[in-house]
Amino acid sequence: MTTRAYNYAYLDEQTKRMIRRAILKAIAIPGYQVPFASREMPMPYGWGTGGVQVTAAIIGPSDVLKVIDQGADDTTNAVSIRAFFVKTADVATTTDTERATIIQTRHRVPETPLTDRQILVYQVPIPEPLRFLEPRETETRMMHALSEYGVMHVKLYEDISRHGHIATTYAYPVRVSGRYIMDPSPIPKFDNPKLDDCPALQLFGAGREKRIYAIPPYTRVVSLDFEDHPFERTKFDARCEFCGATDSFLDEVVTDDKGGRMFICSDTDYCEKRQAAAKEAAE
Amino acid sequence: MSAPLLTARNLSKRFGAVQACGEISFELVEGEALAIVGESGSGKTTLLHLIAGLMQPDGGEVSYRLRDGFSRDLATLTESERRALIRTDWGFVHQDAARGLRMNVSAGGNIGERLMALGDRHYGNIRAAALQWLARVEIAADRIDDAPSTYSGGMRQRLQIARNLVTRPRLVFMDEPTGGLDVSVQAGLLDLLRGLIADMGLAVVLVTHDLSVARLLSNRILVMKQGEVIESGLTDRVLDDPQAPYTQLLVSSVLAA
């Protein structure tokens, strides 16, 4: 138990209340970006201030927190956010996806399927999927209100005309529950199918842009595409160097300056568990 | 004769003490091209913006016969109805093509945008439509993947026209469509526009200060001065036999080539 220089989970109760109200509204309108009064956090923008505020608003002493950055539990961002909540919220932390009740993530959805007792909190840099073609906030809000989403396909059209296929590989736009077009934050499109019909609650927080949005459990999430150029999940021609997985998202690691490289699972927890299982089977 | 496509009644607009548009009324039937001419500051662009719904009039109303055959006061349309109308049944050709185009999106994407907005989700079909329209506006097919920022002024203007016409609108607004282009490019563009207007049976509201453009493209003409229509009638009649002193002055100031 640390001495309480701050309120529980850093934010004061009124702020948490305000954020919870935004979260409830976001859950009620799947995919809709709810503005909220984002606070200054003791870390810079871009480090996950949106996700941290969402987590702070929903976390309790009985929660088990997991934080991942690019799938890994041991990167600077993940370690410091975990330490932050240990210090301010007295929570247990874990790297085990199955044990966690709250998983805060940047860039990845864990490979292990999530359950209905888990909440996935995303850190979002740019929540507005229409920003690419429409810089005016007033206009994008109007476009969302009127479901005027033709420009999203203009972006995909440009991809195909330039590259012969839809070259967007991350922050791939989705339509949530048949209504709002949403940016799933910069997760690889490999993870897009995991958003669909997911048993876990998914919350998205953008601190700098002051927006919260959500996908309630078991919601239909469809990646945008063309009839003659359907959405395709990224496929790898390699397997993980450590655990041999062929079904996970792989990071390419350069090992020397002579063109040497290897592929490893980006989800460290998934990879370690597979390695342990393989070792057990071998003994 | 069927009911007019567009009816303007007593349209007025003031900017402070300046009367930009005073009590202007006219009708436009399907397939008719109406030119609004006058010198700079005469209120012709304001009038165009009032009709096209880009500006709220202080008084008066504009009604338009929608594709279902019923005329509606444009002020009573919901925002989504208004936008659908602008996207499908109307076109707007700006003098500055950069305002009417997405300059960083390829020509094909520019033409296809309206189709995609209407729900076309087949890349092959969208591309085929874009190629067909590029051919119609005489842009080489191999420029389809180039952004309009790499196009010349005349090509941009033609691309803007293609982008507007791809949904086969019935009414197109044009604000000085040939402004800022050199004379030979202007001639080619006018020729193209005239062909398209005739082929597609487009109704046009054209704002121009260039009387020769009005003569080439329009059937009827409104001459404006200080926010008032001072003369109107068939284009040839007005330009060959102007009645109002101001129109006479305008016509006589055209430089003979």
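Q: Is Glu113(B) buried or exposed?
A: In this predicted model, Glu113(B) is buried, because its relative accessible area is 11%, which falls under the 20% cut-off.

Q: Where does Glu113(B) lie, and what is Glu113(B) in contact with, leaving aside its neighbours within four places in sequence?
A: Glu113(B) lies in helix α4 of chain B, and, once those sequence neighbours are set aside, its contacts are Val151(A) and Val154(A) from chain A together with Arg102(B) and Arg163(B) from chain B.

Q: OK, on to the interface: how many residues does each chain give, and what area do chain B and chain A bury between them?
A: Chain B gives 21 residues to the contact and chain A gives 20 residues, and between them the two chains bury about 1,800 Å², with 59% of that area on carbon and sulfur atoms.

Q: Which three residues supply the most of what chain B buries there?
A: Those are Arg83(B), Arg121(B) and Tyr123(B), which supply 40% of the area that chain B buries against chain A, more than any other three residues.

Q: What does the side chain of Arg83(B) meet in a salt bridge?
A: The partner is the side chain of Glu148(A), at 2.8 Å from N to O; the count between chain B and chain A is three salt bridges, and there are also twelve residue pairs in polar contact, with both residues at pLDDT 80 or more.

Q: Which elements give two or more residues to chain B's side, and what is the mix by class?
A: The elements are α2, α4 and α5 (123-136) of chain B, with the largest share, five residues, coming from α4(B). By class, that side of chain B has six nonpolar, seven polar and eight charged residues.

Q: Going back to α2(B), which of its residues are buried, and what do they pack against?
A: The buried residues of helix α2 (residues 79-88) of chain B are Arg83(B), Leu85(B) and Thr88(B), and the buried residues of α2(B) pack against α4 (137-145) of chain A as well as β4 (59-65), β6 (90-93) and α4 (107-117) of chain B.

Q: Different topic: how many disulfides are there over all chains?
A: The count comes to zero.

Q: Why is Cys243(A) not bonded to Cys265(A)?
A: The closest cysteine sulfur to that of Cys243(A) is in Cys265(A), but at 3.6 Å it is too far for a bond, because the cut-off for a disulfide is 2.5 Å. Cys271(A) is in no disulfide either, with the nearest cysteine sulfur, that of Cys240(A), 3.6 Å away.

Q: And are Cys243(A) and Cys271(A) buried or exposed?
A: Cys243(A) is buried, with a relative accessible area of 15%, and Cys271(A) counts as buried at 4% relative accessibility.

Notes. Residues are numbered from 1 along each chain as its sequence is written. Chains are lettered from A and ligands numbered from 1 in the order in which they are written. This is a predicted model: local features need pLDDT of at least 70, side-chain atom pairs count only at pLDDT 80 or more; totals for chains, interfaces and linings use all residues. Side-chain values use heavy atoms; hydrogens and water are left out. Buried means under 20% relative accessible area, exposed over 50%, partly exposed in between (1.4 Å probe, protein chains only). Contact means heavy atoms within 4.5 Å. Buried area is the accessible area (1.4 Å probe) that two parts lose on being put together, summed over both. A salt bridge is a side-chain nitrogen of Lys or Arg within 4 Å of a carboxyl oxygen of Asp or Glu. A polar contact is a pair of N or O atoms within 3.5 Å; within protein, one must be able to donate a hydrogen and the other to accept it, and residues adjacent in sequence count only if both atoms are side-chain atoms. Ala, Val, Leu, Ile, Met, Phe, Trp, Tyr, Cys and Pro count as nonpolar, Asp, Glu, Lys and Arg as charged, and the others, Gly among them, as polar.
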